[in-house]
Amino acid sequence: MANPVYTLLFLLTLFHSVHLSHQLQPSQANALWEIQQLLNYPSVLSSFDNTWDFCNIEPTPSLTVVCYEDNVTQLHVIGNNGVAPLPQNFSIDAFFASLVSLSNLKVLSLVSLGLWGPLPGGIGKLSSLEILNVSSNYFTGFIPVELSYLWNLQTLFLDHNKFTGQVPGWLSSFHALTVLSLKNNSLFGTLPSAVASLENLRILSVANNHLFGEVPDLQKLTNLQVLDLENNYFGPHFPALHNKVVTLVLRNNSFQFGIPADLGSYYELQKLDISFNGFVGPFLPSLFALPSINYIDVSANKLTGRLFQNMSCNDELAFVNLSSNLLTGDLPACLQPTFKSRAVMYARNCLSDEEQEQQPSNFCHNEALAVKVLPRKLKYKRHDSKAVLASSIVGGIAGIAVIGSLSFLVIQRRNNRVAGKTLSTRLIMEKVSTVNPVKLLSDARYISETMKLGANHPAYRVFALEELKEATNNFTPSSIIGEGSHGQVYKGKLADGTLVAIRSLKMRKKHSSQTYTHHIETISKLRHSHLASALGHCFECCPDDSSVSIINLVFEFVPNGTLRGCISEGLPGQRLKWTQRIAAAIGVAKGIQFLHAGILPGVFSNNLKITDVLLDQNLLAKISSYNLPLLAENGGMGGAGVSLPGLKANVRGREIHEDKDDVYDIGVILVEILVGRPIMSQNDVMVVKDILQVSNKMDDTARRSIVDPTIVKECSAESLKTVMEICLRCLSDEAGDRPSVEDVLWTLQFAAQLQDPWRLDSHHIHHLNISSLEKM
């Protein structure tokens with residue numbers, strides 16, 4: 001027989017449970033159980049087991065249910081960091097259909113629960129929501145427009161998901177919004193100007209996305225305290241802000257130009273991080289003494305100025321990073337190691353304190369001068385493997401940067417050149433002086449087309465040393481426009497007025513005269529309308545080392561800077577138009593086609609970069625760097641090795657897909673042509689490739705959303721789609737899946753015809769008939 005005491009306790013418990021269950025609407029209780037089931041009964045919801053009393057569950061950091069009268073008004077469910085996505089049979093639509101039953105929710109937090117799929121539009125039915133946090137899940141697709149129905153929303157966290165598309169302009173409908181955090185997604189496009197109308201906004205974080213362009217004017221956001229734009233492509237101008245900002249993070253973007261002077265009046269600023277950008281001009285030492293500052297990171301820019309020991313610092317300043325700038329003078333006493341509680345980094349400047357590695361003082365002086373002369377051409381970001389030259393011209397002169405790498409090292413400049421030549425040098429001159437350019441080109445396929453394309457250059461010849469001395473004013477240092485690991489690049493003017501680029505290469509005499517003759521013959525064939533073409537050479541001996549010869553290689557001078565400078569580094573009004581960009585891409589493809597098939601042996605794996613593509617006075621594209629074995633076999637000077645990534649094909653011999661490395665490089669150039677911002681790393685390539693793939697599968701509006709705003713209204717839908725498609729094919733992971741150079745050229749010419757079938761620029765898009773597609 002049952003114990004009457006236990007029976008009474010059971011009845012009291014049942015009564016109590018039934019009574020409390022009526023405190024919560026049955027539909028809402030059922031919704032909570034459904035949520036537990038749909039989430040696969042996670043441990044964080046174990047409190048839901050066998051209970052009706054949801055409103056009195058003891059709150060924990062992982063689960064909180066708050067009720068008002070008979071409605072759930074707050075639901076916080078927080079899982080474990082790094083939780084895997086829910087099983088394939090999980091339905092995000094069913095999950096949100098259950099959530100909608102909690103129609104009086106004001107606060108909803110669903111964090112780290114493994115939710116995946118597009119965020120359903122049903123979220124818009126929770127019209128009472130004031131706080132929404134769905135961070136650290138696996139949501140994909142665009143941010144749904146139905147969110148705009150949440151008129152009362154004050155806080156929105158969508159961090160650490162996989163949202164794509166643009167930051168929506170309808171955000172301006174959230175008049176009460178104080179926190180907007182979209183960081184760590186795959187959002188692309190520009191930050192909409194609608195953000196500037198969110199007058200109550202206190203926190204704006206869009207870090208770690210793929211956003212670009214100018215930041216809207218945010219000066220009217222007088223309540224804004226935190227602005228975090230880290231790891232995007234914003235720029236080039238410093239954002240316009242109110243001076244009440246507390247935290248400002250611009251790290252790793254595309255900002256350039258100077259730091260505004262009024263930054264020194266941000267008296268509430270506590271954290272400033274503008275590192276890894278392209279900021280130039282004077283650093284503001286007054287930042288050290290801002291009344292609230294405790295963190296400053298300005299590393300990896302080109303900031304100039306002189307520091308003094310007597311500069312003052314805020315006592316609360318705990319972290320300072322000045323590394324990799326152009327600062328001179330003395331490290332302030334308040335930043336010295338005697339302040340143990342203060343972390344200070346200042347390496348790779350030109351400061352007198354050498355406890356941390358410093359550059360020589362003339363380095364900062366020269367770099368600062370270069371910054372002042374060409375502020376838009378200098379771009380130091382994301383550790384590009386190729387140093388950007390101090391002048392856009394130098395990139396052009398590198399036409400003889402025949403190894404495809406421009407990592408420059410300064411070597412000893414020549415003095416007291418002598419005209420005497422060793423016997424081996426004389427033999428080489430005698431051999432090469434008899435070379436007939438027509439004979440050299442006769443080895444190439446399709447000789448008639450090749451000769452026609454190089455016919456506007458004077459015949460390749462041997463220059464007398466005196467000619468080059470006169471052209472460069474005796475190789476005066478003032479005529480040096482670049483210095484590399486093998487020698488200097490000089491700008492010269494021949495007696496007939498022709499401007500030339502002369503690259504002087506110091507070569508070890510470890511090869512026979514026949515070997516050098518072979519190299520010179522190959523160089524003499526590099527004559528094409530889309531190459532910075534070779535005009536001749538001159539041999540001499542080195543006055544400092546009898547075991548070294550000097551080869552002066554003379555190339556045409558290309559005056560109009562790099563393709564990057566005319567696409568992603570110039571002011572919007574100075575950038576190339578869409579038809580000009582297609583024409584430049586066609587020129588690059590023609591140049592590569594010639595290197596592959598226009599000479600024997602072909603020149604492959606050229607490690608081509610957009611900074612290797614120069615534009616002449618008619619905006620005709622010319623490739624200035626190609627892969628020849630001359631320097632690779634020489635092995636550098638002074639025992640210093642040199643990295644030659646572009647020489648792998650020559651070393652290994654011909655392979656099945658040897659031409660596809662260059663096709664991939666064309667694809668990278670097309671990416672920058674499309675988006676209009678510098679692509680500085682392989683990671684950048686992969687990110688933009690993913691964006692292109694997504695947008696290209698959608699409609700014309702999606703495709704235009706990622707295009708450089710300066711050309712977005714110019715390009716026709718068909719032309720844009722065609723260029724995007726060939727770009728993606730060029731970037732295929734498998735070399736065998738990439739198109740041939742001929743396919744690339746044909747497709748680009750087709751894109752040009754789609755853009756303007758009736759009128760083509762004869763300077764740039766010539767020979768568009770099918771016959772011009774033959775190999776050169």
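Student: In which order do the strands β4, β6 and β8 lie in their open sheet, and is the pairing parallel or antiparallel?

Tutor: The model is a predicted one. To read a sheet, one follows the pairing from strand to strand. Here 3 strands make up an open sheet in the order β4-β6-β8, and their pairing is parallel. Its edges are β4 (116–118) and β8 (162–163), each of which pairs on one side only. Between β4 and β6 (residues 138–141) the parallel pairing extends over 3 bridges. Within β6, Thr-140 is the residue that stands opposite Pro-118.

Student: Which strands are at the edges of the open sheet β10-β12-β14?

Tutor: The edge strands are β10 and β14, each pairing on one side only. This sheet also has 3 strands, with parallel pairing. The parallel strands β10 and β12 are joined by 2 bridges, and Phe-188 stands opposite His-210 in β12.

Student: What covers the buried residues of α15?

Tutor: The cover of a helix is read from the elements that its buried residues touch. For α15 the cover includes strands β10 (188–189), β12 (210–213) and β14 (233–234), together with helices α14 (660–675), α16 (700–704) and α17 (717–730). The strands named here are those of the open sheet β10-β12-β14. Among the buried residues of α15 are Val-685, Val-687, Val-688, Ile-691 and Leu-692, but also Asp-684 and Lys-689. Helix α15 (residues 682–696) has 15 residues and spans 21 Å from its first C-alpha to its last, close to the 21 Å expected at 1.5 Å a residue.

Student: Where does Leu-201 lie, and is it buried or exposed?

Tutor: Leu-201 lies in the loop between β10 and β11 (203–205). Its relative accessible area is 0%, so it is buried. Beyond its neighbours within four places in sequence, Leu-201 is in contact with residues including Leu-177, Thr-178, Val-179, Val-195 and Leu-224. The C-alpha atoms of Leu-201 and Thr-222 are 8.5 Å apart, although 21 residues separate the two along the chain.

Student: Which residues is Thr-155 in contact with, leaving aside its neighbours within four places in sequence?

Tutor: Thr-155 is in contact with Glu-130, Ile-131, Leu-132, Leu-177, Thr-178 and Val-179. Thr-155 belongs to strand β7 (residues 155–157), and its relative accessibility of 11% makes it buried. Leu-177, Thr-178 and Val-179 also appear among the contacts of Leu-201.

Student: Which backbone atoms lie 3.0 Å and 3.1 Å from a polar atom of the side chain of Asn-277?

Tutor: For a buried polar side chain, one looks for polar partners. The backbone oxygen of Leu-250 lies 3.0 Å from a polar atom of the Asn-277 side chain, and the backbone nitrogen of Asn-253 lies 3.1 Å from such an atom. Asn-277 is in the loop between β16 (271–273) and β17 (280–282), where it is buried at 0% relative accessible area.

Student: How many disulfides does a search of the whole structure find?

Tutor: The search finds 3 disulfides, and with bonded cysteines counted along the chain their pattern is 1-2, 3-4, 5-6.

One disulfide joins Cys-55 to Cys-67, with an S to S distance of 2.0 Å. This link is left-handed, at -85 degrees about the S-S bond. Cys-55 is in the loop between α2 (26–38) and β1 (63–68), and Cys-67 is in strand β1, so the bond ties together parts 12 residues apart in sequence. Cys-55 is partly exposed at 24% relative accessibility, as is Cys-67 at 21%.

Another disulfide is formed by Cys-313 and Cys-334, whose sulfur atoms are 1.9 Å apart. Its S-S torsion is about 45 degrees, so the disulfide is right-handed. Cys-313 is buried at 14%, and Cys-334 is buried at 9% relative accessible area.

The sulfur atoms of Cys-350 and Cys-364 are 2.0 Å apart in their disulfide. A torsion of about 90 degrees makes this disulfide right-handed. Cys-350 lies in strand β23 (residues 350–351) and Cys-364 in helix α4 (residues 361–373), so the pair ties together parts 14 residues apart in sequence. Both cysteines, Cys-350 and Cys-364, are buried.

Student: How many helices and strands has the protein chain?

Tutor: The chain has 18 helices and 31 strands. Of its 776 residues, 55% count as buried. Among contacts between residues at least 6 apart in sequence, 59% join residues at least 24 apart.

Conventions:
Residues are numbered from 1 along each chain as its sequence is written. This is a predicted model: local features need pLDDT of at least 70, side-chain atom pairs count only at pLDDT 80 or more; totals for chains, interfaces and linings use all residues. Side-chain values use heavy atoms; hydrogens and water are left out. Two strands pair if DSSP finds at least two bridges between them. Helices (H or I, at least four residues) and strands (E, at least two) are DSSP runs, numbered from the N terminus. Buried means under 20% relative accessible area, exposed over 50%, partly exposed in between (1.4 Å probe, protein chains only). Contact means heavy atoms within 4.5 Å. A polar contact is a pair of N or O atoms within 3.5 Å; within protein, one must be able to donate a hydrogen and the other to accept it, and residues adjacent in sequence count only if both atoms are side-chain atoms. The expected span of a helix is 1.5 Å times one less than its number of residues. A disulfide is a pair of cysteine sulfur atoms within 2.5 Å.
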